[in-house]
Amino acid sequence: MGVIETTKKRVKALETAVELPLELPVGKILDGDCVEAMRSIPTASIDLVFADPPYNLQLGGDLNRPDGSHVDAVTDEWDRFDSFATYDEFTRAWLTEAKRILKPDGALWVIGSYHNIFRVGAILQDLGFWILNDIVWRKSNPMPNFRGTRFTNAHETLIWASQGEKAKYHFNYRAMKTLNDELQMRSDWVLPICNGSERLKEGGTKVHPTQKPESLLYRVLLATTERGDVVLDPFFGTGTTGAVAKRLGREWIGCEREGVYRNAALKRIDKELSLDESALTTMQSARTAPKVAFGALVENGYLKPGTEVFDKKRRWIATVRADGSLAYGKQTGSIHGLGKDLQGAPSCNGWSFWHYEDGDDVKPIDAARQLYLLAVED
């Protein structure tokens, strides 16, 4: 019997197994090996799995910057595998569990680099997952190639997959269009790497070397889950998935074997505040296309959902929502569309029309856009 047929039989047996008499451990981080931890999760109980597995960088030694400083994570023990075959076996094991615990309309996201994403993609297809998109996360501020021997690695790849070719799945198309200033969201996402105040540090040292930016998880969860959905991250790290899930009103479960990461994640998530229901409501709207989408400011925290914005004379006070739309009473729209409708005007430049309070100052939302542009350029 071939490898694919054997794997399919094992997956089928797991799918038809009796559901474990356990409640979901939502809001908890499961200790130990992720495969064993996932085996404690009932079958068909999870809405989304987001996985950031070890990349298996396969480097022969340390990597140093031109100033002699060491580049983190390239030789960490959790990223070491004896061979490609060992890595493939590990990948097949956790993906098999992911397929078992996902609901029939559940979905999988997995992120990786050129070192591992092609192997992961082939294995998940062998297991019956159906690839819906591959997303290129293009880093606006990537780490340079210090040795000058190759192109700078400026992107990572995410695979979004459903349970099978005919399986249903969730996609909040209109929310994504609104987040992108009413243009269809493309499969290339330009987002900065994790830095600044978002980066977790202890004693001036990074807690986790490969911490993902919250804006990336924000977009994934807003696009493919609903309020109350359960999201499981088998490689939880310092809890980016949990923090964003809590903010967006999703339930979360993590798997993480490293105690220092678990402790950092719990502290981080405990500080996170959930958005209220009105801010979490998403919508769709009409059409404009400035260089920077207003949704980019929202998902990067420059103007958080729930923030009140207003025209200069404060005739209208609207609330920013999670997908970058605004709500004024029962009226909703984009920064441009709602401003146009409220004024009864043929058009509106929302960037200059809407203002927000920044301490004692009142600024147009374009000021937040300029801050975002400066950060991206850096």
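Good morning. I begin with a contact between two helices: Thr240, Gly242, Ala243 and Lys246 in α7 meet Arg268, Ile269 and Asp270 in α8. Sorted by class, the residues of this contact comprise 2 nonpolar, 2 polar and 3 charged. Please keep in mind that the structure before you is a predicted model.

Let us now consider how the two helices are placed. Helix α7 covers residues 240-247, and helix α8 covers residues 259-271. Their axes come within 9 Å of each other and cross at roughly 15°. How, then, are α7 and α8 oriented to each other? Angles under 35 degrees count as roughly parallel, and α7 and α8 are therefore roughly parallel to each other. As for handedness, the crossing in which α7 passes α8 is right-handed.

I turn next to the interior space. How many cavities of 30 Å³ or more does the structure hold? There is 1 cavity of that size. The space in the largest cavity comes to about 40 Å³.

Which residues line the largest cavity? Three aspartates take part, namely Asp47, Asp105 and Asp229. The lining also contains Leu48, Ala107 and Trp160, together with His170, Thr224 and Thr225. By class, this lining divides into 3 nonpolar, 3 polar and 3 charged residues.

Two strands deserve mention here. Strand β2, residues 46-51, and strand β3, residues 102-112, each supply at least two residues of the lining of the largest cavity. On the structure, you may locate Asp47 and Leu48 as well as Asp105 and Ala107 among the lining residues.

Thank you for your attention.

Conventions:
Residues numbered from 1 in each chain as written. Predicted model: local features only at pLDDT ≥ 70, side-chain atom pairs only at ≥ 80, totals over all residues. Heavy atoms only, no water. Axes fitted to C-alpha atoms, helices over the stretch in contact; angles between N-to-C directions. Helix = DSSP H or I, 4+ residues; strand = E, 2+ residues; numbered from the N terminus. Parallel < 35°, antiparallel > 145°, perpendicular 65-115°, else oblique. Left-handed = near helix turned anticlockwise from the far one by under 90°. Contact = heavy atoms within 4.5 Å. Nonpolar A, V, L, I, M, F, W, Y, C, P; charged D, E, K, R; others polar. 1 Å grid on protein atoms, 1.4 Å probe; cavity = no way out; pocket = protein on both sides within 12 Å on 5 of 7 lines; lining within 4 Å. Points joined across faces, edges and corners; volume = space filled by probe spheres on them.
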